[in-house]
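Subject: Structure handover

Hello,

Here is the structure for your files. My notes on what was found in it follow below the entry.

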Amino acid sequence: MGQKKQRLSEAKRHQSPPDGTRTASPKEPRLGPPTTLGPQRSIYFSSLKGRPARLGSEFFDQPAVPLARAFLGQVLVRRLDDGTELRGRVVETEAYLGPEDEAAHSRGGRRTLRNRGMFMKPGTLYVYLIYGDGACVLLRALEPLGGLEAMRHLRHTLRKGAAGRALKDLELCNGPSKLCQALAIDKSFDQRDLATDEAVWLERGPLGPSELAVVAAARVGIGHAGEWALKPLRFYVQGSPWVSVVDRAAERDAQARAKAGQDEDF
């Protein structure tokens, strides 16, 4: 009887008020807009304890160069249909500056059905993960952190020449197409919102770019872009074995600039 009275008492506390509104329990996640603009925890996948903060739309709402740097050290998470979470720390990015950038898909201000995502709100996915008003950030490489067995299976299944040699773990995510294969990211993700999507999101990593040795180097595979091919708009974590392409000359320049107290000139 004592337990029955206790259950009835708890039920009364959670009953709707006379006006029909319902007061949420303090332990319930609220599904409405966040009350602050700071990094948000995912109410879909992250428990309220012991999980990093999910980065919200305000993180992506910045120019391409600082955004490309800000990505370094953050953790990209992909949740598969069976609930498996694949996780990787971002160690390499490239910035594309929009209409003026001869290497960008939006060069000259061109808008097509293909590149529509580049002109949508910050945090919009576009085959690669790119953001902002015709400007974008390309994720080039990840350091795998979780779900490696699933990543290996996906890469083996989706890569060309799958019957060839076994992949090393260093080869799982050291390139944009490779990381898309490893995380099962395909064209169906085009124009989805990285800040709110239920299957892919970004969490704050333990170390940010200010705590990492960051190298600024020329971007990869854009030899057709004239002087833009030489601009130091690729950023990677120095010393990381997961980076796709190491630029020793750029690393020496970065060390020389650090000693001289200079910043990169874009």
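To begin with a definition: helices, here DSSP runs of H or I, have at least four residues and are numbered from the N terminus. The model is a predicted one.

Salt bridges

That definition is needed for one pair in helix H6, which covers residues 248-260. Glu-251 and Arg-248 both lie in this helix and are three residues apart, so about one helical turn separates them. The two form a salt bridge, and their closest N and O atoms are 3.3 Å apart. On burial the two partners fall on opposite sides: Glu-251 has a relative accessible area of 8% and is buried, whereas Arg-248, at 54% relative accessibility, counts as exposed.

There is also a network: Glu-92, Glu-94, Arg-140 and Arg-234 are joined into one by salt bridges that share partners. Over the whole structure, the search finds 10 salt bridges. As background, side chains of opposite charge can pair when their charged atoms come close.

One of the bridges is between Glu-203 and Arg-87, with 2.3 Å between the closest N and O atoms. This pair links distant parts of the chain, 116 residues apart: Glu-203 belongs to strand S4 (residues 200-203) and Arg-87 to strand S2 (residues 85-96). Are these two residues buried or exposed? Glu-203 counts as buried at 0% relative accessibility. Arg-87 has 16% relative accessibility, and the cut-off for buried is under 20%, so Arg-87 counts as buried too.

Arg-89 and Glu-143 also meet through their side chains in a salt bridge, at 2.9 Å from N to O. Arg-89 is in strand S2 and Glu-143 is in strand S3 (residues 136-146), so this pair ties together parts that lie 54 residues apart in sequence. Arg-89 is partly exposed, at a relative accessible area of 22%.

Strands

Strand S1 (residues 75-79) is mostly covered, with four of its five residues buried. What does S1 pair with? S1 runs antiparallel to S2, and five bridges join the two. S1 also runs antiparallel to S4, through four bridges. Val-77 has a bridge partner in each of these strands: Arg-87 in S2 and Trp-201 in S4. Arg-87 therefore appears twice in these notes, as the bridge partner of Val-77 and as the salt-bridge partner of Glu-203, both Arg-87 and Glu-203 being buried.

The hairpin of S1 and S2 has five residues between the strands, and in it Gly-83 takes a positive phi near 95°.

Strand S3 holds Cys-136, which counts as buried at 6% relative accessibility. Cys-136 and Ala-68 are 68 residues apart in sequence, while their C-alpha atoms are 8.5 Å apart in space.

Aromatic rings

The structure holds three aromatic pairs. In one of them, the rings of Phe-59 and Phe-60 have centres 5.2 Å apart and planes at 85°, so the pair is edge-to-face. Angles over 60 degrees are what count as edge-to-face. Phe-59 also pairs with Phe-71, again edge-to-face, at 5.7 Å from centre to centre and with 85° between the planes. This second pair links distant parts of the chain: Phe-59 sits in helix H2 (residues 57-60) and Phe-71 in helix H3 (residues 64-71), 12 residues apart.

Ring pairs link Phe-59, Phe-60 and Phe-71 into a cluster. How accessible are its members? Phe-59 is buried at a relative accessible area of 9%. Phe-60 counts as buried at 1%, and Phe-71 counts as buried at 0%.

Charges over rings

Two contacts of this kind are listed here. The charged end of Arg-219 sits over the ring of Tyr-96, at 4.5 Å from the ring centre. Lys-231 lies over the face of Trp-228, and its distance from the ring centre is 5.0 Å.

Regards

Key: Residues are numbered from 1 along each chain as its sequence is written. This is a predicted model: local features need pLDDT of at least 70, side-chain atom pairs count only at pLDDT 80 or more; totals for chains, interfaces and linings use all residues. Side-chain values use heavy atoms; hydrogens and water are left out. Rings of Phe, Tyr and Trp (its six-membered ring) pair if their centres lie within 6.5 Å; planes under 30 degrees apart count as stacked, over 60 as edge-to-face and the rest as tilted. Buried means under 20% relative accessible area, exposed over 50%, partly exposed in between (1.4 Å probe, protein chains only). A charge sits over a ring if NZ of Lys or CZ of Arg is within 6 Å of the ring centre and within 35 degrees of the ring normal. A salt bridge is a side-chain nitrogen of Lys or Arg within 4 Å of a carboxyl oxygen of Asp or Glu. Two strands pair if DSSP finds at least two bridges between them.
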